[in-house]
Structure formats: C-alpha cells, structure tokens
Amino acid sequence: MIKDEIKLDTITIALPKGKLFAPSRDLLKKAGCGAQGLSEDSRKLVIKNEEAGLSFVITKPVDLPTYVEYGAADIGVIGKDVLLEEQKDVYELLDLGFGKCRLMLAVPENLRRDKLTDYANLRVATKYPRVAAEFFHGVGIQAEIINLNGSIELAPMVGLSEMIVDIVETGRTLRENKLAEIAAIHTATARLIANRASFKLKSERIHSILDAIRRQLHSD
Ligand code: PRP
C-alpha cells in the first residue's frame, strides 16, 4: 500500500536522445525539475532523483510517444514531427518553442522540375512514411514510399530514391548533399506530452511541473 502511494507520487519524465535532448534537459533544469546531471551519453537508462520524486528515462525519439502512451513515462518531450508520424494516444500539453524545423519534400538540385505534379510516380525515402503518404495523397500524386531510419539524404545519392521527405533545421545537410527544397509539408517544434491516465491521477504534480516550465519559458 505504502509502495503504491510512493509510486503514484513519482513522476517519470521521458527525454529524447539527439537534437532535442540538451534543450529539453536545460529547460527542465532551469524550471527546477531536478534534471541536473542528466547526460544522454550515460549508460544508465533510468535516472532517479528520489528527493524530487522524479525519474527520467532517455529513449530513442521515435519510441518516446509509445513510452508515454502506455504510461511507462508520465510525461515527455518530443518533436511535433514524431507526434505527426506516430499518432499515439497522448495529451499534447505545451508547445515548448525550441527544436524548430520543417518537414520538407526535397530532391537533388539537378532533378528539379517545374511543377509538383512532375514528381509523380517517383520513389521517396523517409523516416516519416505516414506524413509523406498523407502529403502525396493530399496533392494527388502517386509515389513509392521507402521507409528508412536515418541518413535519409544518402538515398538519392546512391539511387535508392529520387526524392526524400525529411526534417530540415538549418538547411546545412540539404546544402551539403546538393538537395533542393521542393515543398513544405509541416513545421514542427518540441512539445510536452502526457499520458492520459497520469494526467488525471497525478494531476497536481503534473500541473506543478507544467506551471514551472511555463514560467521558465515566459522568463526566457
Ligand atoms: C536530421 C535530418 C537531417 C538533419 C537536418 O537528422 O534527418 O539529416 O537533421 O538538419 P540541418 O537542416 O540542420 O542540417 P538527424 O541529425 O536527426 O539524424 P538522422 O540522419 O540519423 O535522422
């Protein structure tokens, strides 16, 4: 019984590895959410801050919404691009503003064509098969979608696909690989998400974390 009560009080926060890790950790740290000392290079996958009643898990970005959907984490930080692709049943609580990027259709500069419809019946490599399929369906173009897990820009260079759908942040990767932006599909930023049951059962604690993060975002 006592064990259950302690469990109810602890909030598990999921943070994504990669580009969003450092800004997420820094925001939580500044908001006083016990994230000091967290490192994505750590071999420890669960980091507990018992004094603060917090536990952190660091996951692959694509898996993070699943941890939150199933309640393995109560809340988490993840890019809107991943949420659009994964379509998990979670609450989206707050736009955190950082991690701004755009989901783009891009092609090698020398394959640029006049109209979007000129790109019909080509192959597109992407980490975002659902988003890409919706986009092509929306513009009435047939495309073969090839699902990859990273280094998407490689695909047109070696003839795996003619196009890519990927996130662009600074534009450096596209430039370095001589790819041109053809169409903007979505813009994305980091979001704070919550498990639906946790949001009700641990409402008080989640709201106090949410308020602390909001205050920190306003003071930045
Ligand atoms: C992402 C994306 C691009 C790059 C864009 O890759 O897939 O490759 O960042 O950023 P830029 O516009 O600032 O160059 P990420 O680093 O997440 O790794 P990945 O290639 O393994 O997906």
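**View 1. The ligand takes up the space of the largest pocket in this predicted model**. A pocket here is an open set of points on a 1 Å grid over the protein atoms alone, with protein on both sides within 12 Å along at least five of seven lines, the probe being 1.4 Å. A molecule counts as sitting in a pocket if more than half of its atoms lie within 2 Å of the pocket's grid points. Two elements each give two or more residues to the shell around the ligand: strand E9 (163–168) and helix H7 (172–176). Helices (H or I, at least four residues) and strands (E, at least two) are DSSP runs numbered from the N terminus. E9 supplies the largest share of the shell, three residues.

**View 2. Here are the residues around the ligand, 13 of them**. A residue is near the ligand if one of its heavy atoms lies within 4 Å of it. The closest are Lys 19, Lys 127, Asp 166, Thr 170 and Thr 173. Sorted by class, the shell holds six charged residues, five polar ones and two nonpolar ones. Asp, Glu, Lys and Arg count as charged; Ala, Val, Leu, Ile, Met, Phe, Trp, Tyr, Cys and Pro as nonpolar; and the others, Gly among them, as polar.

**View 3. Zoom in on oxygen atoms of the ligand and you meet Asp 166, Gly 171 and Ser 151**. A polar side-chain atom of Asp 166 is 2.6 Å from a ligand oxygen. For Gly 171, a backbone N or O atom lies 2.8 Å from an oxygen atom of the ligand, and for Ser 151 a backbone N or O atom lies at 3.0 Å from one. Of the 490 Å² of accessible area that the ligand has on its own, the protein covers 74% (Shrake-Rupley method, 1.4 Å probe).

**View 4. Asp 74 sits in the loop between helix H3 (64–69) and strand E4 (75–79)**. Its relative accessible area is 3%, so Asp 74 is buried (under 20%; exposed means over 50%). The side chains of Asp 74 and Lys 202 are joined by a polar contact of 3.1 Å, a pair of N or O atoms within 3.5 Å in which one must be able to donate a hydrogen and the other to accept it.

**View 5. Glu 50 lies in the loop between strand E2 (46–49) and strand E3 (54–59)**. Glu 50 counts as exposed because its relative accessibility is 69%.

Residues are numbered from 1 along each chain as its sequence is written. In this predicted model, local features need pLDDT of at least 70 and side-chain atom pairs count only at pLDDT 80 or more, while totals for chains, interfaces and linings use all residues, and side-chain values use heavy atoms, leaving out hydrogens and water.

Note on methods
On a 1 Å grid over the protein atoms alone, a cavity is a set of points where a 1.4 Å probe fits but cannot get out, and a pocket is an open set with protein on both sides within 12 Å along at least five of seven lines; lining residues have an atom within 4 Å of a point. Buried means under 20% relative accessible area, exposed over 50%, partly exposed in between (1.4 Å probe, protein chains only).
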